[in-house]
Amino acid sequence: MAEQKITPSLWFDGVALEAVEFYVSVFPDSEILQVARYPEEGLLDFQKHLAGQPLSIQFSLRGVRFDAINAGPEFKFNEAISLIVDCADQAEIDRYWEALSAVPESEQCGWLKDKYGLSWQIVPENMGELMASPGAFERMMSMKKLDIEGLRGTGA
C-alpha cells in the first residue's frame, strides 16, 4: 500500500483523546500512534490551564491515519465533511450505526452524527451498484439507517 500523503485533522474542544479512544474502540485494526502534550512551561497566559494536557493525537482507523487536536470551542464539526464507512453487509451497517449514532435528528440516508458532532456515512460497500436499481434513490430518501434489502426493493 502506498504511503498516505494526506492526513485528515480533527479539531476538538478538550476531548480529543477521549474521542480518539472511542473511535479506536469502534473500528477494528485501529490504534493510537502517538500522543503529544502541551508543555508544562512556556505557555501563554490563556494556555496555562492546558499544561500537560493532550495537544494532538495521531491515530489510525482501519489503516487510515488521522490527527486530532485539542484546541478550543472556536470551531465545530458540521455536515460539510463526513467520513464514509463502507460496510460488507447489513450486520456491519447495524453495528457501526449502533456504536456511532448519537443525534437521531441528524440521521438521514445513511448519515449520522456521533457524540462528538462528527458526521459519518454508514453505507454498503456496493452502494453504487445498489443505487443503479430503479427506485433506489427514492427508497434511500425514506431511510435513516440504510437497509440493503430495502435499497434493492426487496425488504422493509
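Reading from the N terminus, the elements of the chain follow the order β-α-β-β-β-β-α-β-β-α-α-α. That comes to 5 helices and 7 strands. Please keep in mind that this is a predicted model. The C-alpha atoms fill a box of roughly 65 × 35 × 25 Å along the principal axes, and 40% of the 156 residues in the chain are buried. Among contacts between residues at least 6 apart in sequence, 58% join residues at least 24 apart. Here is a tour, one topic at a time.

**How the strands pair**

- Strand 1 (residues 9-12) runs parallel to strand 4 (residues 64-70), and the two pair over 4 bridges.
- Within that pairing, W11 has I69 of strand 4 as its bridge partner.
- Strand 4 also pairs with strand 3 (residues 54-61), this time in the antiparallel sense and over 6 bridges.
- Here I69 turns up again, since S56 stands opposite I69 in strand 4.
- Strands 3 and 4 form a hairpin with 2 residues between them. In the turn, R62 has a positive phi of about 50 degrees.

**Helix 1, largely enclosed**

- Of the 11 residues of helix 1, 8 are buried, so this helix is largely enclosed by the rest of the structure.
- The buried residues are A16, L17, A19, V20, F22, Y23, V24 and V26.
- What covers them includes strand 1, strand 2 (31-37), strand 3 and strand 4. Helix 2 and strand 7 are also part of that cover.

**Helix 2, with a buried side and an exposed side**

- Which residues of helix 2 (residues 90-100) are buried? They are E92, I93, Y96, W97 and L100.
- Why do these residues sit on the same side of helix 2? They cover an arc of only 130 degrees around the axis, which puts them there together.
- As background, an α-helix has 3.6 residues a turn, so residues three or four places apart point the same way.
- On the other side of helix 2, A91 and E98 are exposed.
- The buried residues of helix 2 have a cover that includes two helices, helix 1 (16-26) and helix 5 (148-152). Strand 5 (82-87), strand 6 (111-113) and strand 7 (119-124) are also included.
- At the N-terminal end, D89 caps helix 2, with a side-chain oxygen 3.3 Å from the backbone nitrogen of A91.

**The largest nonpolar core**

- This core has 38 residues, and the members that touch the most others are F12, Y23, L100, W120 and I122.
- Helix 1 contributes the largest share of the core, 8 residues.
- Two residues already met above come back here: Y23 is among the buried residues of helix 1, and L100 is among those of helix 2.
- What does I122 touch, leaving aside its neighbours within four places in sequence? Its contacts include I93, Y96, W97 and L100; these four are also on the list of buried residues of helix 2.
- I122 is also in contact with V85, C87, G110, L112 and L146.

**Two residues to look at: S119 and G135**

- S119 is found in strand 7. S119 is buried, with a relative accessible area of 2%.
- Leaving aside its neighbours within four places in sequence, S119 is in contact with N78, E79, I81, S82 and L83. W111, L112 and K113 are also in contact with S119.
- G135 has its place in the loop between helix 3 (127-131) and helix 4 (136-141).
- Is G135 buried or partly exposed? At 31% relative accessibility, G135 counts as partly exposed.
- G135 and G72 are 63 residues apart along the chain, and their C-alpha atoms are separated by 44 Å.

**Cysteines**

- How many disulfides does the structure hold? The count is 0.
- For C87, the closest cysteine sulfur is in C109, at 16 Å, too far for a bond. A disulfide would need the two sulfur atoms within 2.5 Å.
- C87 counts as buried, at 0% relative accessibility.
- C109 also counts as buried, at 12% relative accessibility, because the cut-off for buried is under 20%.

Definitions and conventions
Residues numbered from 1 in each chain as written. Predicted model: local features only at pLDDT ≥ 70, side-chain atom pairs only at ≥ 80, totals over all residues. Heavy atoms only, no water. Buried < 20%, exposed > 50% of the residue type's maximum accessible area, 1.4 Å probe, protein only. Arc of directions from axis to C-beta. Contact = heavy atoms within 4.5 Å. Polar contact = N/O pair within 3.5 Å; in protein donor to acceptor, adjacent residues only side chain to side chain. Core = buried A, V, L, I, M, F, W, Y, C linked by side-chain atoms within 4.5 Å. Pairing = 2+ DSSP bridges.
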